[in-house]
Amino acid sequence: MMPPNMTPNMFPTKPPTKPPTKPPITPPISLFESLLDGVLIATETELIVANDAARQICTVLWHRAQSERRSPLQVPTDIWQVCQLVTTGHVDKLTVQDGEYFVEPRQQIRMRSHWMTLAEGDRPYLLVILEDQDSLRRRAARAEARRFRLTRRETEIWELHRAGHSRQEIADLCYITLETVKKHLKSVRAKIEPWEAAG
């Protein structure tokens, strides 16, 4: 149930206040490691759990910002707060809002979050789920490649296509001609369309 001081898309600056009646419970990280989405559990200021997917997303964004000498303000604030928390283990105050954030022209991170308690009388935690949309599209393309028995080259081109690259960009990335890209995409569609028509 949503706390009364919370709107559907905005999370309160303070978690619901409920004094703990017993020692807080820390969930085992093994529960979250098999998940493909980034998952972290935190208080307002402290990281409790972050799975490998969350660490990978945040570490890449953090190091990219550092290496390019980008200001944290050039990364959406909510995403930057989460990256700071995962990378350094603390943040001044974590207040994140659900949404879809473009951190690069093609890298879109979907963030969902809500306050929860792990046991009766326990302190509240903020659960944050990070979905790397580019990674999701690539995984979907690989699943389609297996299902429709695409060749290795078709799979490579289909992944790039599903990730939003133009045909010319695919040609440049794969060191092939634009006509070859078109030929491979036509072949992929010929394998997929009969299944879609039957479905």
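Let's start with Arg138, which counts as partly exposed at 23% relative accessibility. That label follows because anything from 20% up to 50% falls in between buried and exposed. Keep in mind as you look around that this is a predicted model.

What does the side chain of Arg138 meet? Its partner is Asp134, and the two form a salt bridge with N and O 3.4 Å apart. Side chains of opposite charge can pair when their charged atoms come close. Here the partners sit four residues apart in helix 4, so about one helical turn separates Arg138 from Asp134.

Stay with helix 4 a little longer, and you'll come across Glu144, which forms a salt bridge with Arg162. The closest N and O atoms of that pair are 3.1 Å apart. This time the link reaches between distant parts of the chain: Glu144 belongs to helix 4, while Arg162 is in helix 5 (residues 152–162), 18 residues away. Arg162 is partly exposed too, with a relative accessibility of 28%.

Now for the strands. Which residue does Arg110 pair with? It forms a salt bridge with Glu100, and their closest N and O atoms are 3.4 Å apart. Arg110 lies in strand 4 (residues 108–116) and Glu100 in strand 3 (residues 99–102), so this pair ties together parts that are 10 residues apart in sequence. Both ends are partly exposed: Arg110 has a relative accessible area of 31%, and Glu100 comes in at 43% relative accessibility.

That pair also belongs to something wider. Glu100, Arg110, Arg112 and Glu131 are joined into one network by salt bridges that share partners. Across the structure as a whole, there are 11 salt bridges.

Next, let's turn from charged pairs to empty space. Rolling a probe the size of a water molecule over the atoms shows where such space is left. The largest pocket here has a volume of about 310 Å³. It is lined by 15 residues, and the closest to its centre are Ala53, Gln56, Ile57, Asp132 and Ser135.

Where does the lining come from? Helix 2 (52–67) and helix 4 (133–147) each supply at least two residues, and helix 2 gives the largest share, with six. So helix 4, home to the Arg138 and Asp134 pair, also helps line this pocket. As for the make-up of the lining, you'll find six nonpolar, three polar and six charged residues.

Definitions and conventions: Residues numbered from 1 in each chain as written. Predicted model: local features only at pLDDT ≥ 70, side-chain atom pairs only at ≥ 80, totals over all residues. Heavy atoms only, no water. 1 Å grid on protein atoms, 1.4 Å probe; cavity = no way out; pocket = protein on both sides within 12 Å on 5 of 7 lines; lining within 4 Å. Points joined across faces, edges and corners; volume = space filled by probe spheres on them. Nonpolar A, V, L, I, M, F, W, Y, C, P; charged D, E, K, R; others polar. Salt bridge = Lys/Arg side-chain N within 4 Å of Asp/Glu carboxyl O. Buried < 20%, exposed > 50% of the residue type's maximum accessible area, 1.4 Å probe, protein only.
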